[in-house]
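Here are my notes for you to read with the model open. Go through them point by point and find each residue as it comes up.

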Amino acid sequence: MLAVAFPAAAFATNCYVLATGPGQECLVVDPGIGVEDTLRDVLAEHRLRPAAVLLTHGHLDHVYSVTPVCGGDTAAYIHCDDRYRLTDPIASLAPGTLAMMEQQFGQRATWREPETVVEVTDRQTLTLAGLEVEVLHAPGHTEGSVMFGLGVVPDGLPADEGLDRTMVSGDVLFAGSIGRTDLPGGDHAAMQRSLRDVVLPLPDSTLVLTGHGPATTMRRERGTNPYLQGLTA
């Protein structure tokens, strides 16, 4: 699998481009603030055409560029419990956070809802751009937070890592940490259940592409992430 990752212009949100190879259709995951120019370069370099935009959840830093990336003919996929957030994710930001974001980004924040939105549900399998993607609902950071699982790994990984599957975790799981639960829609108890019932059962051979920060593996997180210690799958 061809996989390209790059950070957005604000909040260091990771945007991912996934495809079976160069010259093919691709999936764009979590197009955040100010990603359009870099994304355009990535698509041109690898001759890729977006088939769908996948959203791990509806927070503004993960969805801000979804509408221009989708254009008029590409659908955005989001869990049904976070669908309401695409109506106007700017409205949910605290004024101070919005002001900080606009200062960092260098322009006033505006929002227009994507023309085509597809609601996904837990354990649903999507076949898009030649890839099979499993949706795993993992609420806690938001009501509709999901992780997207693929039964392949990016090209070029060291063979001795023993990795055979990929999980795009959004803001559920980070390297050494987890997503915060004190924002609107967050729920600490729900996050604990998601970590126990959805994250911990993932095989050690899973590569985790996180919503912020570096990639990691389930083997590493199971052994070192303090938020997973003491939980029993």
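1. Let's settle one word before we start: a residue is buried when its relative accessible area is under 20%, exposed when that value is over 50%, and partly exposed in between. Keep in mind, too, that this is a predicted model. Now try the cut-offs on Arg 123: at 47% relative accessibility, Arg 123 counts as partly exposed. You'll find Arg 123 in the loop between E6 and strand E7 (125–128). Its phi is near 65 degrees, which is a positive value in a residue other than glycine.

2. Arg 123 has company here. Phe 11 isn't a glycine either, and its phi is positive, about 65 degrees. Look for Phe 11 in the loop between E1 and E2. With 30% relative accessibility, Phe 11 is partly exposed.

3. Now zoom out to the whole chain. How many helices and strands does the protein chain have? There are six helices and 14 strands. The radius of gyration is 17 Å, close to the 17 Å that the globule rule gives for 233 residues, so the chain is as compact as a globular protein of that length. Along the principal axes, the C-alpha trace spans about 45 × 40 × 30 Å.

4. What's inside and what's outside? Of the 233 residues in the protein chain, 52% count as buried. The chain exposes about 10000 Å², and carbon and sulfur atoms supply 50% of that. As for who touches whom, take the contacts with a separation of 6 or more: residues 24 or more positions apart account for 62% of them.

5. Next, the nonpolar interior. The largest nonpolar core has 31 residues, and Val 17, Leu 55 and Val 66 are the ones with the most contacts inside it. Several elements each supply at least two residues of this core, among them strand E1 (2–7), strand E2 (14–19), strand E3 (25–29), helix H1 (36–46) and strand E5 (75–79). There's also a second, separate core of 24 residues, which includes Met 1, Leu 18, Leu 54 and Leu 128.

6. Spend a minute on Leu 55. Setting aside neighbours within four places in sequence, its contacts include Asp 30, Pro 31, His 62, Val 66, Tyr 77, Leu 86, Val 146 and Phe 148. Click through those numbers and see how they are spread along the chain.

7. Helix H1 is a nice one to turn around on screen. Which residues of H1 are buried? They are Leu 39, Val 42, Leu 43 and His 46. These four sit on the same side of H1 because they cover an arc of only 95 degrees around the axis. The face turned away from that buried side carries the exposed residues Asp 37, Asp 41, Ala 44 and Glu 45. And what do the buried residues of H1 pack against? Their partners are E1, E2, E3, strand E4 (49–54) and H3. Right after H1 comes Arg 47, with a positive phi near 60 degrees.

8. Don't go hunting for disulfides: the count is zero. Why does Cys 26 have no bond? The closest cysteine sulfur, in Cys 15, is 9.6 Å from the sulfur of Cys 26, which is too far for a bond; a disulfide needs the two sulfur atoms within 2.5 Å. Cys 70 has a similar story, because its sulfur is 11 Å from the closest cysteine sulfur, in Cys 26. Cys 26 is buried, with a relative accessible area of 0%, and Cys 70 is buried too, at 2%.

9. Finally, two residues to set side by side. Thr 206 lies in strand E13 (residues 206–210) and is buried, with a relative accessible area of 0%. Beyond the residues up to four places away in sequence, Thr 206 touches Leu 163, Arg 165, Thr 166, Met 167, Thr 216, Thr 217 and Met 218. Glu 115, in contrast, is exposed, with a relative accessible area of 58%. Glu 115 lies in the loop between helix H4 (95–105) and strand E6 (117–120). The C-alpha atoms of Glu 115 and Pro 7 are separated by 25 Å, and these residues are 108 residues apart along the chain.

Conventions. Residues are numbered from 1 along each chain as its sequence is written. This is a predicted model: local features need pLDDT of at least 70, side-chain atom pairs count only at pLDDT 80 or more; totals for chains, interfaces and linings use all residues. Side-chain values use heavy atoms; hydrogens and water are left out. Buried means under 20% relative accessible area, exposed over 50%, partly exposed in between (1.4 Å probe, protein chains only). A nonpolar core is a set of buried Ala, Val, Leu, Ile, Met, Phe, Trp, Tyr and Cys residues joined through side-chain atoms within 4.5 Å. Contact means heavy atoms within 4.5 Å. The arc is that of the directions from the helix axis to the C-beta atoms. The radius of gyration is taken over C-alpha atoms; the globule rule is 2.2 Å times the number of residues to the power 0.38. Accessible areas come from the Shrake-Rupley method with a 1.4 Å probe; for residues, only the protein chains shown count as cover.
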